[in-house]
Amino acid sequence: MRLCWEAVLATLCVLVLLGMVWWLLGRTLRPIPGKKARIFLAGRGDGEQLEQSVRGFMWLRGLGLLHCPIVIVDVDLTKQGYELALHLAEKWSGIVVWPLNHVPYDLKHLYEIE
């Protein structure tokens with residue numbers, strides 16, 4: 001009978017340990033959602049990489065790993081690129097298109113623009 005109780009206790013300990021690891025891994029992969037966090041994507045040219053980047057973030061959002069808004073910054077988009085950015089913003093919620101002058105000054109150096 002003692003062996004049975006030890007097996008039950010060992011199983012319970014393993015389940016608790018696995019639950020803690022699962023919870024910690026979940027906290028690592030899914031950070032606490034914050035309303036002040038944003039993802040900034042630089043829109044350049046015809047927006048060749050823009051749609052692929054947005055789709056990647058939408059995939060993360062679909063998995064529940066991303067909750068912050070996505071900002072497409074019009075650094076030097078052409079007319080076609082700007083229309084693509086607007087189309088992406090209409091297609092998915094939580095995406096906005098900002099001109100470069102709406103980006104805070106501290107972030108402008110990321111786009112290598114003076």
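The questions and answers below go through a predicted model, from its overall layout to its core and its charged pairs.

Residues are numbered from 1 along each chain as its sequence is written. Because the model is predicted, local features need pLDDT of at least 70 and side-chain atom pairs count only at pLDDT 80 or more, while totals for chains, interfaces and linings use all residues, and side-chain values use heavy atoms, with hydrogens and water left out.

Q: In what order do the helices and strands of the protein chain run from the N terminus on?
A: Helices (H or I, at least four residues) and strands (E, at least two) are taken as DSSP runs and numbered from the N terminus. Counted in this way, the protein chain has four helices and three strands. From the N terminus on, the order is α-β-α-β-α-β-α.

Q: What share of the 114 residues in the protein chain is buried?
A: A residue is called buried under 20% relative accessible area, exposed over 50%, and partly exposed in between, with a 1.4 Å probe and protein chains only. Among the 114 residues of the protein chain, the buried share is 23%.

Q: Which residues of H3 are buried, and how are they arranged around the helix?
A: Four residues of this helix, Gly81, Leu84, Ala85 and Leu88, are buried. Seen down the axis of H3, the buried residues fall within an arc of 100°, taken from the directions from the helix axis to the C-beta atoms. The face turned away from the buried side of H3 carries the exposed residues Lys79 and Glu90. The buried residues, Gly81, Leu84, Ala85 and Leu88, therefore line one face of the helix.

Q: What covers the buried residues of H3?
A: Contact here means heavy atoms within 4.5 Å. By that criterion, what covers the buried residues of H3 includes strand E1 (39-45), helix H2 (50-63), strand E2 (70-77) and strand E3 (95-99).

Q: Which residues touch the most other members of the largest nonpolar core?
A: A nonpolar core is a set of buried Ala, Val, Leu, Ile, Met, Phe, Trp, Tyr and Cys residues joined through side-chain atoms within 4.5 Å. The largest such core has 16 residues, and the elements that give two or more residues to this core are E1, H2, E2, H3 and E3. Not counting residues up to four places away in sequence, Ile95 touches Val54, Met58, Ile70, Ile72, Leu88 and Ala89. The residues that touch the most other members of the core are Val54, Ile72 and Ile95.

Q: Which residue forms a salt bridge with Glu6?
A: A salt bridge is a side-chain nitrogen of Lys or Arg within 4 Å of a carboxyl oxygen of Asp or Glu, and the structure holds two of them. Glu6 is partly exposed, with a relative accessible area of 43%, and its partner lies four residues apart in helix H1 (residues 2-29), about one turn of the helix. With the closest N and O atoms 3.3 Å apart, the partner of Glu6 is Arg2.

Q: How far apart, N to O, are the side chains of Glu51 and Arg55 in their salt bridge?
A: Because they are four residues apart in helix H2, Glu51 and Arg55 are separated by about one helical turn. Glu51 is partly exposed, with a relative accessible area of 28%, and Arg55 is partly exposed, with a value of 41%. Their side chains meet in the salt bridge at an N to O distance of 3.1 Å.
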